[in-house]
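Morning, everyone. I'll walk through one chain of this model, from its domains to its contacts to one sheet. Here it is on the screen.

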Amino acid sequence: MKNKRVLVGMSGGVDSSVAAYLLKDQGYEVIGATMNLWSYEEYGGNNENEKCCCSIEIFNDARAIAAEIGIPHYVINFREEFKRVVIDNFIAEYMNGRTPNPCVICNTVIKWVELLKKADEMNCTYIATGHYATIRYNEPASLYELYRGKDTKKDQSYFLYGMTQKALSRTLFPIGYFTKEEVRAIAKKLGLKTAEKKESMEICFIPDNDYRRFLKENIEDFGRLIKPGKMLDSNGMYLKREHEGFPFYTIGQRKGLGGGFPEPMYVKSVDAKSNTISIGKESELYGMEVLVSELNWLSGKPDEKEKYSAKIRFNSKDKQCNLKFINDNIVKIIFDEPVFAVTPGQSCVIYKDDMVIGGGVITE
Amino acid sequence: MKRIYLDNSATTRVDDRVAKTVVEYMIEKFGNPSSAHSFGQEAKYALDDSREKIAKVINAGVNEIYFTSGGTESDNWAIKGIADKYTAHNKKVHVITSSYEHSAIYAICKTYSKVFPNLFTVTFLSPDKTGLISFEQIKNEINKNTKLVSIMHVNNEIGVKNDISSIGKLCRDNNIIFHTDAVQSFTKIPIDVKAMNIDLLSASSHKIYGPKGVGMLYIRKKIEILPNQYGGHQESGMRTGTENIQGIVGFAKAAEIALNEMNDDIPRITKLRNKLYKLISKGLDNIILNSDLENGYGGILNLTFKGIEGEAVLLSLDLEGIAVSTGSACSTGQINPSRVLLSIGRTAEEAQSSIRFSVGRFNTDEEIEIAAKSVIEAVTRLRSMMN
């Protein structure tokens with residue numbers, strides 16, 4: 001017997017609150033769950049004025065919303081898993097001179113593996129979140145497909161490319177069919193206390209948005225491991241100035257290089273082994289090709305003969321491209337026009353119009 | 001959904017008779033016991049009468065009962081009130097307690113050993129394989145600075161009962177003050193502070209079908225202890241501030257009822273607990289009984305359901321309206337394996353697979369049957385997912 005019980009991940013924010021409400025309204029038996037992923041005591045970050053994820057205030061907010069909607073609510077502890085899967089990877093990537101995408105891993109593993117397990121334990125047919133994305137079932141193909149959210153400005157499908165067919169088949173994204181304004185309006189109409197809450201955009205475990213501070217405080221022996229190093233110019237010539245340590249730089253970064261250049265300079269590459277960074281002019285940071293590994297295809301492998309679009313970071317638009325498989329595990333993305341600051345460690349997500357085909361992690 | 005409450009060791013539903021008294025003292029006899037007029041007199045009489053009722057439960061003198069805000073305050077006071085006598089004069093004080101005390105004892109001892117690293121030392125005894133703290137263990141740890149021993153009477157997680165009578169005798173013989181946290185046993189297991197040589201005893205109202213926010217510390221007359229709160233004259237100047245009269249009369253009423261009905265209540269609760277165990281163990285394999293059905297408190301049943309997480313059982317049951325506890329998870333989802341379960345031989349994994357059922361006055365046969373059925377179903381379903 002299939003019930004219509006659904007476990008909703010509730011962050012205490014407006015999106016997941018409205019998601020929970022909508023599902024209840026649609027007749028589901030809704031259970032709220034807030035994931036306890038990390039703590040200030042463990043990872044630092046000044047949070048005196050702001051309510052932020054995984055603080056007691058957030059759990060209380062989520063609980064209050066659940067009570068207002070009239071659903072049960074639980075706090076579920078994933079701290080150990082989060083550290084092992086997300087934080088350790090975040091640190092390792094920076095220490096390898098790459099720029100990680102922790103939200104992608106958190107979604108893929110914490111939400112759609114661990115939270116799904118909890119949903120099973122609680123006898124839930126579905127899990128739901130407040131992501132701006134939609135899922136459709138393609139009947140002729142017997143496959144679930146992931147699409148961008150209706151609100152293209154808020155679309156979060158980029159973070160979801162790691163999902164599996166099984167995960168898609170059991171997931172509901174109730175606010176994917178709404179715009180942010182509509183979601184806020186629903187929350188306001190209901191008088192939900194989080195209606196006016198401000199957006200959280202930063203990495204949840206770095207509430208002060210200072211990843212350099214996070215690395216310094218959370219890597220043992222950081223001072224010994226990370227030293228100032230050489231800076232190279234476009235011609236591979238050493239500059240007179242030093243950088244502060246390679247993990248503090250990410251490709252495309254303009255700040256922190258010291259002024260006095262005749263034109264704006266950007267970080268072009270980061271080399272962890274030699275502790276050097278290369279810088280160049282804006283024009284030197286454009287590239288046509290991107291190599292992507294750790295691939296996941298949501299509803300089947302794409303066809304090299306077809307045209308796709310791809311985005312190489314969350315905050316940029318997808319650009320037209322072709323795909324060329326190097327092997328089953330590596331694909332080369334060939335863009336129609338150059339893209340700026342290809343950054344190893346970031347995810348490259350491939351679309352066919354509004355449908356997410358899949359993606360992987362940029363290697364170069 | 002009809003809900004079934006099997007978490008009576010966490011708190012209890014207030015008895016209707018108690019609730020009636022509490023309301024009476026909020027809206028009719030609401031006077032301040034310190035006032036000279038008739039309103040005050042009513043309240044003062046109620047206060048004295050309450051003290052007498054509470055004293056009777058443990059065979060204490062009326063003036064040996066001090067009302068507090070609950071178990072935590074009483075526990076804290078017992079430690080601080082003794083320790084401060086020594087630390088204030090730069091003298092050493094050693095305390096012997098157990099590793100499974102309520103956090104109100106555990107935390108204050110930890111804090112004091114940090115604040116007074118050279119003066120305050122504490123020994124945390126681990127329970128033996130039966131979950132008890134033995135007389136010998138304590139004896140071996142006594143040194144010339146040992147001033148206080150604090151050992152709980154009934155353990156809140158598995159319900160085992162420490163032999164506080166022997167521990168009391170040992171302490172009295174060695175001129176050491178003995179405190180016991182009797183929050184789980186007060187009015188449930190006979191206590192005689194004189195016969196058992198108890199110097200300090202903590203109890204709480206909301207575990208005995210009384211209101212929350214009130215409890216007491218029994219302080220034997222001969223014991224010197226520093227006040228817990230300074231101000232007026234209330235509670236003989238030891239715990240000042242206008243008395244929580246409606247709470248105190250509610251607590252006393254609850255204690256009076258419990259004492260009068262102990263001989264009916266406890267056997268009935270024990271029978272229900274045993275029935276719950278019988279039904280669950282008939283329906284499920286691979287469970288471990290962590291409670292002592294013979295010698296422990298009759299209301300607690302702690303079981304390990306091998307192969308699955310206790311938290312998953314708790315959540316599944318809650319969704320069916322059945323309230324139980326894992327004894328280790330708090331409301332923010334923190335999980336640490338229970339020290340007492342580890343000490344009686346459970347592995348960390350088994351400890352995480354454990355559930356505490358605590359039966360109370362208002363549970364019925366029918367509820368136990370429904371709960372057992374739901375437990376069997378939930379555990380069977382969760383186990384089938386693991387394969």
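A word on domains first: their bounds come from an automatic or database domain assignment. This is a predicted model, where local features need pLDDT of at least 70, side-chain atom pairs count only at pLDDT 80 or more, and totals for chains, interfaces and linings use all residues. Residues are numbered from 1 along each chain as its sequence is written, while chains are lettered from A and ligands numbered from 1 in the order in which they are written.

Chain B splits in two. Domain 1 covers 4-12 + 262-386, and domain 2 covers 16-257. The C-alpha centres of these two domains of chain B are 28 Å apart.

So how many residues does each domain of chain B bring to the contact? Domain 1 brings 23 and domain 2 brings 25. Contact here is a C-beta criterion: the two atoms, placed from the backbone, lie within 7 Å.

Now the domain 1 side of that contact. Helix H7 (245-283), strand S10 (300-305) and helix H9 (339-343) of chain B each give at least two residues. H9(B) has the largest share, with three residues. Helices (H or I, at least four residues) and strands (E, at least two) are DSSP runs, numbered from the N terminus. By class, this side has six nonpolar, 13 polar and four charged residues. Nonpolar means Ala, Val, Leu, Ile, Met, Phe, Trp, Tyr, Cys and Pro; charged means Asp, Glu, Lys and Arg; the others, Gly among them, are polar.

Next, the other chain. 13 residues of chain B touch 13 residues of chain A. On the chain B side, helix H8 (310-319) and helix H11 (365-386) each give two or more residues. H8(B) supplies the largest share, five residues. That side has six nonpolar, five polar and two charged residues.

Last, the sheet. It is open, with three strands of chain B in the order S9-S10-S12, paired antiparallel. Pairing takes at least two bridges found by DSSP between two strands. Why do S9 and S12 of chain B each have one side without a neighbour in the sheet? Strand S9 (287-289) and strand S12 (354-358) stand at the edges, so each has a single partner strand.

S10(B) and S12(B) pair over five bridges. Thr304(B) has Ser354(B) in S12(B) as its bridge partner.

Back to H7(B). This helix lies across S9, S10 and S12 of chain B, at about 15° to S10(B). Axes are lines fitted to C-alpha atoms, for helices over the stretch in contact, and angles run from 0 to 180 degrees between N-to-C directions.
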